[in-house]
Structures are given as structure tokens and as C-alpha cells.
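Me: I would like to learn how to read pockets, cavities and ligand contacts in a model. Could you take me through them one at a time?

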Amino acid sequence: MLTHFTQLDHLLLKCQHLWRFEPFHESHSRQHRFSGTPLAAWLDGLSVSDVHTLKHDVSSVYQQLQPFIPELKEIEPLVELEHSSSPPLELNAHLATGIPGRKLEQITAMGSQALLAHSGGEWLEWCAGKGFLGRILAHHSGLAVTSFEWQQPLCEHGQAEAHKQNLPVTFVQGDAFNCDHQNVFNKKQHAVALHACGDLHVSLMKHAMDYQLAALSIAPCCYHLIQDDHYQALSRPAKQSALTLSKSELRIPLQETVTGGERVERHRYQEMSYRLGLDELLRAELGLSEYQPIPSVKKSQLQLGFVEFCEWAAQRKGFELPVCDFLRYQKLGEERFARMEKLSLVQMAFHRPLEMWLILDKSLYLQEHGYQVYLTEFCEKKITPRNILIHASK
Ligand SMILES: C[S@@+](CC[C@H](N)C(=O)[O-])C[C@H]1O[C@@H](n2cnc3c(N)ncnc32)[C@H](O)[C@@H]1O
């Protein structure tokens, strides 16, 4: 893992001009960071449908970009992980009650991995939500589960469901950053955390090291949800690295999203091209040189059209809109969308490498504390792109 980390660290630093940017903003000018290079010529030659196809096929992106970015050849094997070989758990109808489709697939896949690699005499489910995973672990292992969760209504719901199913689950309501940890942690526990965001999974790891937990199975997500401005490296090699990541750069690995189907894509196209079109309008007509962040917008508002979107945004932000050629700005927004999507293809090749850098930092930290660590993809990316499982045991 240290060798992988060191190689990846070096390659990410070497290639940082290729990923350390925001395609949304970079698309403002026809002259962008790749202009005048063979890579830009390749991007220019892509049709809308080429871009669409590539966006859903990261291995083709690697292949097609390699002539322009030879480092990708070294990077690709560093981000490959074993796929989980254990079959997802079979659940009876009771256990699956109330668990939405994709969540159910994630939970049965992760549950199966955690059970296979189990060590210790009980479970701790960290940031449990309604405790779906905890109930499944309690049912299949017969061992006690402590489900730790911040939101009281979720605790109540989860506890009632566990009682109904006669499962040995105890919810503890608390704040991960300020909890009565002596009453939460003990060294017999195998802690599981499915999609505990940013600082939440880090706080679990730190407490787990203090209490020397028997094992941890963590599927991290939302790396940018942290209190500091920059990522705080955990392991020695990452602390020594020159690679610093701001909160907005921590969002880059999360750009790798599951396609939501044609309707979701159409909606995204409309929203993004409207936002970009309005940015062009504000720059040209009001002389605003900085991007003006516009709040999130409802689908029903977007459906009214570009002019209405601009009026809505102007009202929210207190701008006076001039009389102008709105259609022209709408078209400029659509052109920028196409440019943004092409630029995103380059960054896309670095989504997983950046995520792997973060995952390896956490893994090395666990190793430094005497744990054996292995990494797998616990489910397919189409179920959740946050599909990396860090498993650590004493
Ligand atoms: C993304 S959800 C994951 C829930 C569950 N593990 C699952 O996969 O269904 C994150 C959970 O963390 C909880 N949470 C957020 N902040 C917390 C805190 N400070 N302490 C404990 N839990 C917290 C949220 O209420 C939410 O239930």
C-alpha cells in the first residue's frame, strides 16, 4: 500500500494541471488550459454523442487519453481493486422492510463482506441512519449491535423496528464529534460505517484506534464534508506529501456519479446550460467579472424557460436585468455546457485516482496503528460509485 500510495502521490502531483480545475469555470473562455495542445484538438473533434458515450465509460476515457497523458498507463493499475467475490446476503421480507432498492443492494453487499471478515464479539454501526445494516448483521451473526446515530427520529424508528424483529440492536443517540465515547466503544467491537461522510468516518477511525477495536469495515463518502478548509492527512506519508486538497478539490472524486437515466441527464443539461448562460449574460451585460453563485433551483422553475430562470435568479440575488438578447445567452450557455463536458472528460480520468489517494491515506493510518488492511469494491459502481470498502482487523 505504501508503494501504491507513493506512486500515486507522485503521479497526481505531476499531472495536477490536468485535474486541479473546475470545468464549470474553465469553460468560460474558448481559450482554456489545454488550448493549442494535441489534447485540445482531440477534445474539439469529439461529437456530443462521443462525449456522452465516454462519460459512461471510464476505461475508454483512460484508453483514449493515454496518447496525450502517458501517465495514465501507470495510474490505471494503481486504482484497480478486487471485486467482492462473496454473494450478497439473502434477506427475508421482514429484514428488507422499508429499505429502498439501491440502499438494499449496498447493504446486502457490504453486510456480506463484513460478516465474512468478522472479528470481535459484537458490532458497532457508526452513523447508522435507521440501522438497516445493523439489523442485518444482528440477524445473520446473532451478535449484539450498537447503532450510533445523531438524529433522534432515526434512532426511534430503528429501535422500534429492531424490537419488532426481536433483534439484539441498541440505538445510542449522540454526536460523533462530541460523544460519551466510553459508553460507545469497546475493544470487542467490529465497527461498520456505510457512507459516513468526511469527518464522520475519520472520527470513527480515531476513536477505534484509541479503543483498539477488533475490526473496522468502512465505506467512505462525501470527502469534502470536513470542518477544516483543507484535507487533513492521517498517515505519515500523506502528511509528508506536497499534495494538499482544498474542500472544493475534495469534491472531484464525487463527480463520478451513477447515471440517473435520460430524464436526469436532460434536467442536468437544462440547469447547467441555464446557469452558464446567465453567467455569460451577467459578465457581458452587467460587467460582473466574478461568477455569481445562484441558489439551488426547483425543476418546476427550470421548466418555465431561460428568461424566467434569469428573472428568478436576479430577484434572488438583487440584480437588475437589462433588456437584452436572452436567446443569444441561452445559446452561449449551451456552447459552454458542451465545452465544460469535454473538459470534464480529462478530469474524469483522475476521479478514481484522487479517491484512491484518500483511501490509501486512511488505510496507511490504520496500518500504522497495527491493523491489517485490505481494500475491495463491495458492489458495482452502478449501485453506488462510493463502492470502496476499507477492511481493517487487528
Ligand atoms: C449518509 S447517512 C448514512 C446512513 C446509513 N449508514 C446508511 O448507509 O443508510 C449519514 C448518517 O450520519 C448521521 N450523522 C450526521 N452527523 C452526525 C454526527 N455528528 N454524529 C452522528 N451521526 C451523524 C446522519 O444523521 C445520517 O443518518
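Reply: What follows goes through the empty space, the ligand and two backbone angles in turn. This is a predicted model, in which local features need pLDDT of at least 70 and side-chain atom pairs count only at pLDDT 80 or more, while totals for chains, interfaces and linings use all residues. Residues are numbered from 1 along each chain as its sequence is written, and side-chain values use heavy atoms, with hydrogens and water left out.

Me: How much space lies in the second largest pocket, and which residues lie nearest its centre?

Reply: Rolling a probe the size of a water molecule over the atoms shows where empty space is left. On a 1 Å grid over the protein atoms alone, a cavity is a set of points where a 1.4 Å probe fits but cannot get out, whereas a pocket is an open set with protein on both sides within 12 Å along at least five of seven lines, and lining residues have an atom within 4 Å of a point. Points are joined across faces, edges and corners, and a volume is the space filled by probe spheres set on them. Here the second largest pocket holds about 500 Å³, and among its 28 lining residues Cys127, Ala128, Gly129, Glu149 and His195 lie nearest the centre.

Me: Which element gives the most to that lining?

Reply: Helices (H or I, at least four residues) and strands (E, at least two) are DSSP runs, numbered from the N terminus. β5 gives the most to the lining of the second largest pocket, with six residues, and the elements supplying at least two residues each also include α8 (101-116) and β3 (145-149).

Me: Where does the ligand sit, and which residues are closest to it?

Reply: A molecule sits in a pocket or cavity if more than half of its atoms lie within 2 Å of the grid points, and by that test the ligand sits in the second largest pocket. Counting residues with a heavy atom within 4 Å, 16 surround the ligand, the closest being Lys103, Glu149, Gln151, Asp175 and Ala176.

Me: Which polar contacts does the ligand make?

Reply: For a ligand, a polar contact is a pair of N or O atoms within 3.5 Å. A ligand oxygen is 2.8 Å from an N or O atom in the side chain of Lys103, a ligand nitrogen is 2.8 Å from such an atom in the side chain of Asp175, and a ligand nitrogen is 2.9 Å from a polar backbone atom of Leu194. Taken alone the ligand exposes 600 Å², by the Shrake-Rupley method with a 1.4 Å probe, and the protein buries 81% of that.

Me: What phi do Cys127 and His195 have?

Reply: Cys127, in the loop between β2 and α9, has a positive phi of about 55° although it is not a glycine. His195, found in strand β5, also has a positive phi of about 55° without being a glycine.

Definitions and conventions
Polar contact = N/O pair within 3.5 Å; in protein donor to acceptor, adjacent residues only side chain to side chain.
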